[in-house]
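Biologist: Could you take me through this model, please?

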Amino acid sequence: ALMKDLDTIVGPSIAKTYQTKTGDSTTTVEPRSRKYYEKAARSKGITGEVLLTTIERRLDNVVFRMGLATTRKEARQMVTHAHFTVNGKKVNIPSYLVSVNDVIALSEKSKESKRFSEIQDVTSSRIVPQWLSVDSEKMQATVTAYPVRTDIDMPIQEHLIVEFYSK
């Protein structure tokens, strides 16, 4: 269940094939979340908190938090289809990490789509985290600060993730 929760946030697991010393090949499933763990482990601070706040800064998550997608999977697809810009430039990489003062906006062409207005109606009651300043009329948000652990409302026990990857 822990890996399923993480895969929902960072994307599905990927399979990698390795050659063993005997010449046989073996396939293992490597969650994409491992790279986030390794980066968090090298950073200063509490590894679990750094891991979660880094994942929180992903562009697909920001789109979800802005209320322009009903699910994180939908946000991921919308980012992949280049519906959003960061600081005026098209970005189609869901794992793109936003920084303070970045402006995330729906592209001009996408603003014409009825779909985004419908999504905003459905997600209008969603609570926007304090580290984002959202302008619903312009369909854009500005990152005002980096997220902190208290901004993450998903019930994740990060110490279990750290324990899993530290083995």
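Modeller: We shall discuss one aromatic pair, one strand residue and one helix. The model is predicted, so local features need pLDDT of at least 70 and side-chain atom pairs count only at pLDDT 80 or more, while totals for chains, interfaces and linings use all residues. Residues are numbered from 1 along each chain as its sequence is written, and side-chain values use heavy atoms, with hydrogens and water left out.

Biologist: How many aromatic pairs does the structure hold?

Modeller: The structure holds 1 aromatic pair (ring centres of Phe, Tyr or the six-membered ring of Trp within 6.5 Å). The ring centres of F84 and F116 are 6.2 Å apart and their planes stand at 90 degrees, so the pair is edge-to-face (planes over 60 degrees apart; under 30 is stacked, the rest tilted).

Biologist: Which parts does the pair tie together?

Modeller: F84 lies in strand β3 and F116 in helix α7 (residues 114-123), so the pair ties together parts 32 residues apart in sequence. Helices (H or I, at least four residues) and strands (E, at least two) are DSSP runs, numbered from the N terminus.

Biologist: Is F84 buried or exposed?

Modeller: F84 is buried (under 20% relative accessible area, with a 1.4 Å probe and protein chains only; exposed is over 50%, partly exposed in between), at 0%. F116 is buried too, at 2%.

Biologist: Where is T85 placed?

Modeller: T85 is in strand β3 (residues 84-86), and is buried at 14%.

Biologist: Now helix α2: which of its residues are buried?

Modeller: In helix α2 (residues 33-42), the buried residues are S33, Y36, Y37 and A40. They cover an arc (from the directions between helix axis and C-beta atoms) of only 100 degrees, which puts them on the same side of α2.
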